[in-house]
Every structure is written in C-alpha cells, then in structure tokens.
Amino acid sequence: MIKKDLTILAVDDSEEDLQLIQTYLKKNPHYQFSIITASNGTEGLNLFARHKAEIDCILLDQNLPDMQGIDILTLINNEEHSIPTIMLTGLGNYNTDVLALEKGAADYINKEYVTFLTLERAICYAIEKQSIINKLKAANKAKENFLRIIAHDMRSPVGGILGFA
C-alpha cells in the first residue's frame, strides 16, 4: 500500500516541463505530493544527497545541460538507498529506453505522453515495484541467514562425533 503523502524529486532543465509536472501532481485528488525541483544534474544530485531519506520517487530528464540522466541514474543506483526513478525525455528512442531500464529506471516516459493519469500511474507503479523488490531482498537475506545457521548447526554435532571417534 502506498502512503498518501509522497515526496518527488523532479530534475529537468525545462521550466515549462517542471511547471507542468507540478501542476499535474498538485491537482492529484488521490495523493498529496511534495515536489523538490532541480534544473540541472549537479543540483539534482545535491538535492538527492540532502533529501534521500524523504524522497519517494525521482522524475529525471534524460537530456540535462551538465550531464545525461542515465549518468545520474547510475550514480543514484550506486547508493544503498534505492529510490524508484522514472526517466522523462522529449527525444525518446528504443536504445535509450532499454539502457535506462537496464540501469535501474522503474519506467521511461516520452514527455509527449505525460498526462495527469500517466504520471500518477507511473509514480505509483514505480513505488510499489520498489516496495516489492525491497521485500524480496529482505526475504532473501533472511533465507541466507537461516541457511547459514542450519549449516553451522549441522557441522557442530558432526565435529563433536568425529572428535570422540
């Protein structure tokens, strides 16, 4: 279940696109969005570092004046704190889409197709997907711990028996 108050980091060099994103998210009847905006990659990375504990999702433009969105995505995904990221671009192509998804983007949307509903859906799906991934990682870690304990417990009696023999 997704919480009702969501914090979004929007990184885009187009003031018009940032305004449109803010308009769509502020008028959303289902969720209360807090939006942190950055107009270039460096500012976006600084805001990410400062607010990463609060951020629920990142909307990231592919073509920024100082770096590519894919590069930012790579830097963000190297952090231990995974935040779902949705790539936005006005110049989408298949290779860029695939590369973004391979680098860990939850979704990739061409700006021509961004509407109130597609933006809400993409954000909600990205957050839910990340929640499922986090639960799977926790379950896998618990399984590994259990197997480690079982392996240790099975070796201990065998060692004692061999010692007596």
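1. Two strands are said to pair if DSSP finds at least two bridges between them. Strand E4 (residues 85-89) and strand E5 meet that condition, because four bridges join them, in the parallel sense. One position can be located in this pairing: Ile-86 stands opposite Asp-107 in E5. The model discussed here is a predicted one.

2. The pair E4 and E5 belongs to an open sheet of five strands, whose order is E2-E1-E3-E4-E5 and whose pairing is parallel. Strand E2 (32-38) and strand E5 (107-110) are the edge strands, each pairing on one side only. On average, neighbouring strands of this sheet are turned by 20° against each other, direction ignored. As general background, the strands of a sheet pair through backbone hydrogen bonds, either parallel or antiparallel.

3. How many salt bridges does a search of the whole structure find? The search finds four. One of them is formed by Lys-111 and Asp-12, with the closest N and O atoms 2.8 Å apart. Lys-111 lies in the loop between E5 and H5, and Asp-12 in the loop between E1 and H1, so this pair ties together parts that are 99 residues apart in sequence. Asp-12 has a relative accessible area of 1% and is buried.

4. Lys-111 also forms a salt bridge with Asp-17, and here the closest N and O atoms are 2.8 Å apart. Asp-17 is in helix H1, while Lys-111 is in the loop between E5 and H5, and the pair links distant parts of the chain, 94 residues apart. Asp-17 is partly exposed, because its relative accessible area of 23% is not under 20%, the limit for buried, and not over 50%, the limit for exposed.

5. A further salt bridge joins Asp-61 to Lys-111, the closest N and O atoms being 3.4 Å apart. This pair again links distant parts of the chain: Asp-61 is in strand E3 (residues 57-61) and Lys-111 in the loop between E5 and H5, 50 residues apart. Are Asp-61 and Lys-111 buried or exposed? Both are buried. Through shared partners, the salt bridges join Asp-12, Asp-17, Asp-61 and Lys-111 into one network.

6. Ser-14 sits in the loop between strand E1 (5-11) and helix H1 (15-26). Its relative accessible area is 17%, so Ser-14 counts as buried, the limit being under 20%. The side chain of Ser-14 makes a polar contact with the side chain of Glu-16, at 3.3 Å.

7. Gly-41 is found in helix H2 (residues 41-51). Gly-41 counts as buried, because its relative accessibility is 0%. Which residue, 26 residues apart from Gly-41 along the chain, has its C-alpha atom separated from that of Gly-41 by 5.9 Å? The residue is Met-67.

8. The last point concerns the surface. Phe-146, Leu-147 and Ile-150 form a nonpolar patch there, and together they have about 280 Å² of accessible area. Ile-150 is found in helix H5 (residues 116-164). At 32% relative accessibility, Ile-150 counts as partly exposed. Ile-150 can be part of a patch because the residues that make up patches have over 30% relative accessible area.

How values were computed
Residues numbered from 1 in each chain as written. Predicted model: local features only at pLDDT ≥ 70, side-chain atom pairs only at ≥ 80, totals over all residues. Heavy atoms only, no water. Helix = DSSP H or I, 4+ residues; strand = E, 2+ residues; numbered from the N terminus. Buried < 20%, exposed > 50% of the residue type's maximum accessible area, 1.4 Å probe, protein only. Polar contact = N/O pair within 3.5 Å; in protein donor to acceptor, adjacent residues only side chain to side chain. Patch = residues over 30% accessible without salt bridge, like charges linked within 9 Å, V, L, I, M, F, W, Y side chains within 5 Å. Areas by Shrake-Rupley, 256 points an atom, 1.4 Å probe, with all protein chains shown as cover. Salt bridge = Lys/Arg side-chain N within 4 Å of Asp/Glu carboxyl O. Axes fitted to C-alpha atoms, helices over the stretch in contact; angles between N-to-C directions.
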